Amino acid sequence: MNTEVLGKLLSEPHLFKQQAFIAGKWISANNDQSFAVHNPATGQLIANVANLGAKEAEAAIQAAHSALPAWRRKTAKERAHLLRKWFELIMAHGDDLARIMTVEQGKPFAEAKGEVAYGASFVEWFAEEAKRVTGAIPSSTWTDKRMMVLKQAIGVCVAITPWNFPIAMITRKASPALAAGCTLVIKPAEQTPLSALALVELARRAGIPDGVINIITADRDRSIAVGKALCSSPQVSHLSFTGSTPVGRTLMQQCAPTVKKVALELGGHAPFIVFEDADLDAAVQGAVDSKYRNAGQTCVSSNRFYVHESLHDAFVERMARASAAISVGNGLDEGIVQGPLIEARALQKVEEQVADAVKHGARIITGGKRHPLGGLFYEPTVLANVKPAMLVMREETFGPVAAIVPFKNDDAVIAAANETEIGLAAYFYSRDIGRIWRVAEQLEYGMVGINTGLISNEVAPFGGIKQSGLGREGGSWGLEEYLEMKYLCVGL
Ligand code: ADP
């Protein structure tokens with residue numbers, strides 16, 4: 001596939017953009033510098049995208065800053081109408097957006113369509129929430145003064161996003177920001193800029209004014225300079241980042257001198273606990289859902305399976321059977337359930353974790369190696385006889401490997417589940433109402449799935465505790481992130 005072929009796959013070829021978007025204009029880099037984007041399923045070049053730097057990042061901030069007063073002045077209803085239009089265009093172009101995503105990210109087409117709908121749901125939700133921003137009038141402690149609290153847009157915002165959800169991680173930040181009356185600069189992941197650019201083209205068509213939404217594309221190296229420019233600018237009031245914990249820490253430090261508000265959604269390392277009273281079929285289904293979605297490359301993917309010793313062997317056997325039945329391949333092909341990993345270093349990480357586990361005594365029940373298709377494909381893998389000291393139990397895998405450990409009692413498994421600096425998502429299966437409350441309260445995680453392996457939607461507060469991040473996205477909480485409080489005290 002060459003760079004023209006992707007355009008030809010689309011019903012609306014003009015959604016295929018390779019330039020960045022600043023102040024309402026599609027722009028190239030100086031001297032047309034670009035970086036290559038590859039299809040992880042085939043290794044083929046699919047696009048050469050503008051490789052911008054700090055100078056263009058400054059221009060994007062300037063554009064967002066200039067657009068802020070008029071955008072903030074619009075009524076919430078006017079902003080809501082524009083967001084609603086954007087939502088409708090995203091849904092109308094769902095097949096094209098999903099094709100672009102499958103080709104640059106690798107997830108199967110059906111799953112990509114699911115992400116388009118999930119991503120669009122944030123735009124729809126925040127279009128509605130825009131109209132529900134409400135201040136307060138506390139009772140005054142003075143007889144001669146009255147008090148009021150206003151909620152106002154925080155200002156120019158920055159969104160730095162990852163490749164695993166190329167659309168949803170942008171809409172989850174952009175739509176509440178825009179709903180609140182903020183303007184925005186987006187820096188999408190270098191692996192998946194095309195979904196982001198198509199999304200911004202649809203925002204333009206929806207009538208979102210020039211400068212309100214800007215997007216800076218850059219390769220891995222230049223992302224560092226772009227990130228510095230965005231985080232250090234005094235004109236930027238808020239950074240929302242989704243990605244790895246080390247990069248999150250760096251960006252937080254870069255935001256410190258200008259005391260920006262930061263929202264961070266960082267790494268996960270989710271435990272998945274199956275108690276002895278669980279419905280085993282449901283638990284296996286939940287385990288497959290939460291483990292293999294996006295080839296295990298989600299921050300809420302189950303990473304450590306703890307199964308009560310009475311169910312352990314049966315769970316391992318059924319999980320292995322279900323895993324071996326997953327069809328792996330190019331996500332554009334019919335019936336594929338698991339695509340490739342995103343890049344070579346992701347594949348190496350999975351291989352290292354499996355090799356380390358085997359070296360320390362783990363048994364491979366199914367999978368355990370690169371898929372015969374070659375390239376970036378890895379087999380759905382189940383490991384048993386896993387020990388807490390193994391890498392696979394200590395670090396996020398971000399790949400299709402299920403490591404299973406037996407446990408004897410509730411206290412021990414809760415302690416093991418909590419023994420990490422990470423606190424994003426956890427899952428458990430039980431039918432005992434007392435245990436459900438006890439365990440849910442004791443798990444040190446921002447999100448807990450109980451008798452389900454799928455928890456994300458636009459209404460829920462998505463986010464983690466400990467070193468998994470700060471702030472929440474989605475629901476009414478997601479909008480608060482982009483609002484400042486202003487207290488007015490009025491003398492009578
Ligand atoms: P991953 O390892 O999954 O790619 P990262 O945290 O490295 O996750 O990347 C998430 C996002 O952060 C991407 O958009 C990437 O370009 C960006 N990024 C990575 N390093 C930096 C950095 N030092 N400064 C700014 N942005 C960065």
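Two strands count as paired if DSSP finds at least two bridges between them. Keep that in mind as we walk through this predicted model.

**Start with the whole chain.** Show the protein chain as a cartoon and you will have 16 helices and 21 strands on screen. Its radius of gyration is 23 Å, close to the 23 Å that the globule rule gives for 492 residues, so the chain is as compact as a globular protein of that length. Along the principal axes, the C-alpha trace spans about 70 × 65 × 40 Å. Switch on a surface if you like: the chain exposes about 19,400 Å², and carbon and sulfur atoms supply 54% of that. Of the 492 residues, 57% count as buried.

**Now select residues 156–160.** This is strand β6, and 5 of its 5 residues are buried, so the strand is largely enclosed by the rest of the structure. Show the side chains: Val156, Val158 and Ile160 point one way, while Cys157 and Ala159 point the other way.

**Add residues 183–187.** Here is strand β7, which runs parallel to β6 and is joined to it by 5 bridges. Zoom in on Ala159 to find Ile186 of β7 standing opposite. To trace the connection, select residues 168–180: the chain crosses from β6 through this helix, α6, to β7, and the β-α-β crossover is right-handed.

**Finish with residues 236–242.** Which strand is this, and how many bridges join it to β6? It is β9, parallel to β6 and linked to it by 5 bridges. Pick Ile160 in β6 and look for its bridge partner in β9, Phe241.

Conventions:
Residues numbered from 1 in each chain as written. Predicted model: local features only at pLDDT ≥ 70, side-chain atom pairs only at ≥ 80, totals over all residues. Heavy atoms only, no water. Buried < 20%, exposed > 50% of the residue type's maximum accessible area, 1.4 Å probe, protein only. Helix = DSSP H or I, 4+ residues; strand = E, 2+ residues; numbered from the N terminus. Right-handed = clockwise from strand over helix to strand, strands pointing away. Rg over C-alpha atoms; globule rule 2.2 N^0.38 Å. Areas by Shrake-Rupley, 256 points an atom, 1.4 Å probe, with all protein chains shown as cover.
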